Amino acid sequence: MNIIIVGCGKVGLELAERLSADGHAVTMMDTNANLMQKVLGPLDVQGVVGNGTSYRAQMEAGVPDADLLIAVTDIDETSLLSCLIARKAGDCQTIARVRSPEYFEEIRFIKEELGLSMAINPDQAAASAIARLIQIPSAMEVDSFAKGRVNLVRFQLPEDSPYVGLSLMKISEKIGTKLLIPMIERGEEVIIPDGRQVIENGDALWIVANLATISKIFKAFGVKTRAIKNVMIAGGGRVSLYLAQALTRAHIRVKMIESDEAKCEQLSDLLPEVEIVCGDATDEMLLHEEAIEEMDAFVSLTSIDEENILLSMYAQKVSKAKIVTKISRITFEEVINELPIGSVVCPRAITTERILRYVRSMENASGSNVETLYYLAKGRAEALEFKVKDSAHIRDIVGIPLMELNLKSNLLICCINRNGKIITPSGGDCLQIGDTVIVVTTHKGLSDLTDILA
């Protein structure tokens with residue numbers, strides 16, 4: 001597809017890298033000529049120096065021939081106007097990143113009036129991801145499918161787990177429930193296992209489960225679990241606002257620490273059920289006065305990555321809380337992964353993932369679209385949810401037992417959602433029109449259900 005990206009920041013750059021690698025023709029637009037020159041060098045993309053709100057600049061970028069324009073500038077109004085012009089000048093699909101809570105409250109009206117295909121608020125998306133982690137406190141990562149009915153959960157296998165050295169088949173028999181482990185991370189290795197795979201000390205396991213069965217599975221593996229009843233949030237920005245709203249709806253007590261007095265007053269009005277503490281979250285004495293050691297979860301959401309890392313490391317040291325750390329700019333993944341800072345959430349990565357998911361679904365509008373897409377294990381694997389639509393090319397898969405399909409290696413069908421009924425598939429199960437299907441694989445770029453075949 002021909003794709004135009006307006007905004008040459010970190011999200012724009014990451015989108016350009018991923019989309020170009022997937023074989024799309026990408027053109028980037030930005031008003032900063034020096035920045036454009038710097039980022040275009042290592043990428044196989046075109047560049048236009050100009051404002052996305054300029055009709056002339058969009059024409060130069062090729063908007064009449066574009067399939068999609070993605071606006072991820074630093075200013076919401078610029079992104080929205082860029083999308084409007086693209087719709088009028090090129091009749092292409094449009095995606096806008098919208099940060100303002102005021103705009104996002106009215107996003108349905110804005111999408112309809114501007115003809116947006118998609119709008120994403122990175123702060124709200126990050127808050128939703130953190131809320132899922134708090135809902136399943138022993139998880140390191142939680143990805144949701146089937147409109148929240150199914151979760152793909154990553155957890156660290158305890159060293160004293162009774163199942164170390166056993167095959168997945170034997171573990172499933174001992175647990176007494178239909179257990180599905182679609183992926184194992186062993187150091188830098190990613191394994192898509194079968195029932196004969198033996199788990200080892202140090203493995204990180206991914207399981208497919210709903211909320212009702214996760215606790216039972218964790219208990220069997222020796223993973224310590226406990227309900228989260230109170231949460232401390234460091235920082236009073238937009239992610240904190242959205243997260244506090246989600247947690248209070250779930251009847252979880254929230255204490256938020258923010259240093260700006262004016263912002264504290266505003267947060268008190270917006271969050272009447274939240275205890276707002278006006279102070280410096282990096283003040284060790286203040287943290288203990290507010291009982292950090294008694295918290296069930298601690299979430300670092302200040303605007304400074306280094307501050308978030310230090311706060312999380314300290315909370316890890318003085319409490320038994322579930323730790324979540326927001327990282328926005330730092331990119332030293334190997335270093336960050338070694339630090340005791342709990343689960344790391346990156347709004348930029350979440351935004352990129354959501355947009356790429358939409359692009360993947362556009363690639364095959366008539367067949368089995370990608371409904372959901374997550375990048376796992378630092379992008380070395382993907383989890384996808386396909387919709388099985390009634391089309392001629394899909395009939396070679398529908399109604400045939402899974403054991404008879406010639407599936408790609410390193411690929412596993414994890415779950416079938418049939419009208420809200422969640423099926424953990426066995427070899428005798430068949431796909432039907434209307435199903436959604438969850439697949440985990442190390443193969444990159446699958447865009448249609450038929451791509452699972454060898």
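# Exercises on a predicted model

In this predicted model, strand β1 (residues 2–6) runs parallel to β4, and four bridges join the two strands. The exercises below start from this pairing.

## Exercise 1: A strand between two partners

Task: Determine which strands pair with β4, giving the sense of the pairing with strand β5 and the bridge partner of isoleucine 4, and then state whether the faces of β4 are covered or not.

Solution. Begin with β1, which is joined to β4 by four bridges in a parallel arrangement; within this pairing, isoleucine 4 has leucine 69 of β4 as its bridge partner. Next, turn to strand β5 (residues 93–97), which pairs with β4 in the parallel sense, again over four bridges, and in which isoleucine 95 is the bridge partner of isoleucine 70. For the faces, recall that side chains in a regular strand alternate between the two faces of the sheet. In β4 (residues 68–71), Leu68 and Ile70 lie on one side and Leu69 and Ala71 on the other, and with all of them buried, both faces of the strand are covered.

## Exercise 2: A covered strand with lysines

Task: Establish how many residues of strand β16 are buried, and identify the bridge partner of serine 300 in that strand.

Solution. Strand β16 (residues 322–326) is mostly covered, with five of its five residues buried. Sorting these residues by face places Lys322, Val324 and Lys326 on one side and Ile323 and Thr325 on the other, and both faces are covered. The pairing is then found with strand β15 (residues 297–300), which meets β16 in the parallel sense over four bridges; here threonine 325 of β16 is the bridge partner of serine 300.

## Exercise 3: Classifying an aromatic pair

Task: Work out which geometry the rings of tyrosine 163 and phenylalanine 221 adopt, and where in the chain the two residues lie.

Solution. The structure holds four aromatic pairs. In the pair under study, the ring centres of tyrosine 163 and phenylalanine 221 are 5.5 Å apart and the planes stand at 85°, so the arrangement is edge-to-face, given that ring centres must lie within 6.5 Å and that planes over 60 degrees apart fall into this class. As for location, tyrosine 163 belongs to the loop between β8 (150–156) and α8 (168–175), whereas phenylalanine 221 belongs to helix α9 (residues 211–221), so the pair ties together parts that are 58 residues apart in sequence. Both tyrosine 163 and phenylalanine 221 are buried. Finally, ring pairs link these two residues with Phe155 and Phe218 into a cluster.

## Exercise 4: Arginines over tyrosine rings

Task: Find which tyrosine ring has arginine 18 over its face, and which has the charged end of arginine 357 over it.

Solution. Arginine 18 lies over the face of tyrosine 375, at 4.4 Å from the ring centre. The charged end of arginine 357, in turn, sits over the ring of tyrosine 374, at 5.2 Å from the centre of that ring.

## Exercise 5: The lining of a pocket

Task: Describe the second largest pocket by its volume, by the residues nearest its centre and by the elements that supply its lining.

Solution. The volume of the second largest pocket is about 1100 Å³. Its lining comprises 49 residues, of which Asp74, Arg97, Arg99, Ser328 and Arg329 lie nearest the centre. Divided by class, the lining has 16 nonpolar, 18 polar and 15 charged residues. Among the elements that each supply at least two lining residues are α2 (33–40), α7 (122–135) and α15 (347–362), while α1 provides the largest share, which amounts to four residues. Helix α1 also contains leucine 13, a partly exposed residue with a relative accessible area of 24%; its C-alpha atom is separated by 9.8 Å from that of threonine 352, although the two residues are 339 apart along the chain.

## Exercise 6: Positive phi outside glycine

Task: Decide whether histidine 251 and asparagine 419 are buried or exposed, and report phi for histidine 251 and for asparagine 419.

Solution. As background, most residues other than glycine have a negative phi. Histidine 251 has a positive phi, near 65°, and lies in the loop between α10 and β13; with a relative accessible area of 73%, histidine 251 is exposed. Asparagine 419 likewise has a positive phi, near 55°, and is placed in the loop between β20 (411–418) and β21 (421–423); at 79% relative accessibility, asparagine 419 also counts as exposed.

Notes: Residues numbered from 1 in each chain as written. Predicted model: local features only at pLDDT ≥ 70, side-chain atom pairs only at ≥ 80, totals over all residues. Heavy atoms only, no water. Phe/Tyr/Trp six-rings, centres within 6.5 Å; stacked < 30°, edge-to-face > 60°. Buried < 20%, exposed > 50% of the residue type's maximum accessible area, 1.4 Å probe, protein only. Lys NZ or Arg CZ within 6 Å of the ring centre and 35° of its normal. 1 Å grid on protein atoms, 1.4 Å probe; cavity = no way out; pocket = protein on both sides within 12 Å on 5 of 7 lines; lining within 4 Å. Points joined across faces, edges and corners; volume = space filled by probe spheres on them. Nonpolar A, V, L, I, M, F, W, Y, C, P; charged D, E, K, R; others polar. Pairing = 2+ DSSP bridges.
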